[in-house]
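Welcome! Let us take a friendly walk through a protein chain, one feature at a time. Have a look at the sequence and the structure first.

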Amino acid sequence: MQSTKEQVEKFLSKCEEMKYCKFIVAPSKISDLLKCIVNSRELYGLIDAVTTDFDYPAVKSNCLVTISNSTYERCYVNLPQTTGQVIAFVFCLLMEFENNTLNFNEFLRRYFPEDGSYVASYRAFCAVIIKSLQDAVAQVYEDELNTPDYIEPEQPDAQRAQLISVAEVLISGEIDYVTNCPVPDEDKEGGLKILRQLLVAVKSGDKNLVEALACGYNYFILYNRCISPSVTQLFAFIVEFEKSI
C-alpha cells in the first residue's frame with residue numbers, strides 16, 4: 001500500500017500534468033485527476049471530510065461572479081477563503097465538468113475569456129483553479145510531504161562482512177598483546193589508539209586511512225620492539241583488504 005506521502009505526491013503530479021497538457025486532452029486529464037482521488041484512500045477521505053455539510057450551490061453562486069451593466073458583462077472566479085472550501089469547491093466543479101452538468105468549454109469562454117482562444121483560456125483556468133487545488137492539498141499534507149523518504153541502510157556484502165570479522169579477531173588479539181607489552185604507558189596508549197581506529201577504518205571501508213594507520217602501527221612496533229606473533233597475519237590481512245576495496 002502506498003504511503004500518504006506517495007498518494008499525495010501522485011495527485012500533485014497529476015495536477016502538474018493537467019496544468020501543462022494540451023487543451024484538447026483537458027477532459028481526459030480531469031478524469032485522471034478525479035480517478036486519482038477515488039483510488040487514494042487518503043485523498044478520498046479528505047474529500048469526504050471537506051464536502052460533508054458543504055453547500056456547493058451556495059458557494060458556487062458566490063464564487064462564479066458576473067458583473068454587468070448596459071455596456072458590458074464581466075465574469076470571473078472568486079475562490080473561497082479557506083483551504084477546505086477551496087478543495088471542496090474545485091472538486092465539485094471538476095465533477096460537474098466530468099458529468100457534463102456544466103460545459104467545460106463554455107465555462108472557459110465565460111470565466112476565462114483571455115484573448116478569445118480556448119488554449120489561452122485553459123492556461124488561465126489552470127493557473128487559478130488547478131493550481132489552487134494543488135496548493136491547498138499540499139498545504140494540508142505539508143508535514144507528510146516534508147518528511148524525508150526512508151532509505152534502507154546499505155548492507156555490507158558477504159565478502160566485506162567476512163573481512164570485517166577477520167579484522168575484529170586480528171586487531172582484538174593485537175590490542176591484548178599491546179596491553180600486556182612492557183612498553184611505556186604513553187607509547188602503549190598511542191599504539192592502542194592506532195589499533196582501535198584501524199578497526200573503525202576497516203569497518204567504514206576507508207582505504208587511505210587504513211593504509212595510514214597501518215604505517216603508524218608498523219612504526220610503533222618497530223620503535224618499541226613490541227612485535228606480536230600474529231602481527232604478520234595482521235599486515236597480510238591489510239594488504240588483502242586494500243585490494244578488495
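## A hairpin to start with

Strand 1 and strand 2 form a hairpin, with four residues between them. Strand 1 covers residues 64–68 and strand 2 covers residues 73–77; the two run antiparallel and are joined by five bridges. Two strands pair if DSSP finds at least two bridges between them. One of the partnerships is that of leucine 64, whose bridge partner in strand 2 is valine 77. In a regular strand, side chains alternate between the two faces of the sheet.

The names come from DSSP runs, numbered from the N terminus: helices are H or I runs of at least four residues, and strands are E runs of at least two.

## How the model was made and how far to trust it

This is a predicted model, in which local features need pLDDT of at least 70 and side-chain atom pairs count only at pLDDT 80 or more, while totals for chains, interfaces and linings use all residues. Residues are numbered from 1 along each chain as its sequence is written, and side-chain values use heavy atoms, with hydrogens and water left out.

The pLDDT is the predictor's confidence in each residue, from 0 to 100. The mean pLDDT of the chain is 90, and 96% of its residues reach 70 or more. Among the elements of the chain, helix 5 (residues 83–99) has the highest mean pLDDT, 97, and helix 12 the lowest, 84.

## Helix 12 and its two sides

How far apart are the end C-alpha atoms of helix 12? They are 20 Å apart, which agrees with the span expected for the 14 residues of this helix (231–244) at 1.5 Å a residue. The expected span is 1.5 Å times one less than the number of residues.

Buried residues have under 20% relative accessible area, exposed ones over 50%, and partly exposed ones lie in between (1.4 Å probe, protein chains only). In helix 12 the buried residues are Val231, Leu234, Phe237, Ile238, Phe241 and Glu242. They cover an arc of only 135° around the axis, so they sit on the same side of helix 12; the arc is that of the directions from the helix axis to the C-beta atoms. On the other side of helix 12, Thr232, Gln233 and Lys243 are exposed. The buried residues of helix 12 pack against helix 9 (158–179), helix 10 (185–204) and helix 11 (207–224), where contact means heavy atoms within 4.5 Å.

## Rings that meet

Rings of Phe, Tyr and Trp (its six-membered ring) pair if their centres lie within 6.5 Å; planes under 30 degrees apart count as stacked, over 60 as edge-to-face and the rest as tilted. By this rule the count comes to 17 aromatic pairs. Phenylalanine 97 and phenylalanine 104 form an edge-to-face pair, 5.0 Å centre to centre with 70° between the planes, and both are buried. Ring pairs also link these two into a cluster with Phe23, Phe107, Tyr111, Phe112, Tyr118, Tyr122 and Phe125.

## Two loop residues with positive phi

Asparagine 100 lies in the loop between helix 5 and helix 6 (104–111). Its phi is near 60°, a positive value in a residue other than glycine. Is asparagine 100 buried or exposed? At 56% relative accessibility, asparagine 100 counts as exposed.

Glutamate 114 is in the loop between helix 6 and helix 7 (118–140), with a positive phi near 45°. Glutamate 114 counts as exposed because its relative accessibility is 53%.
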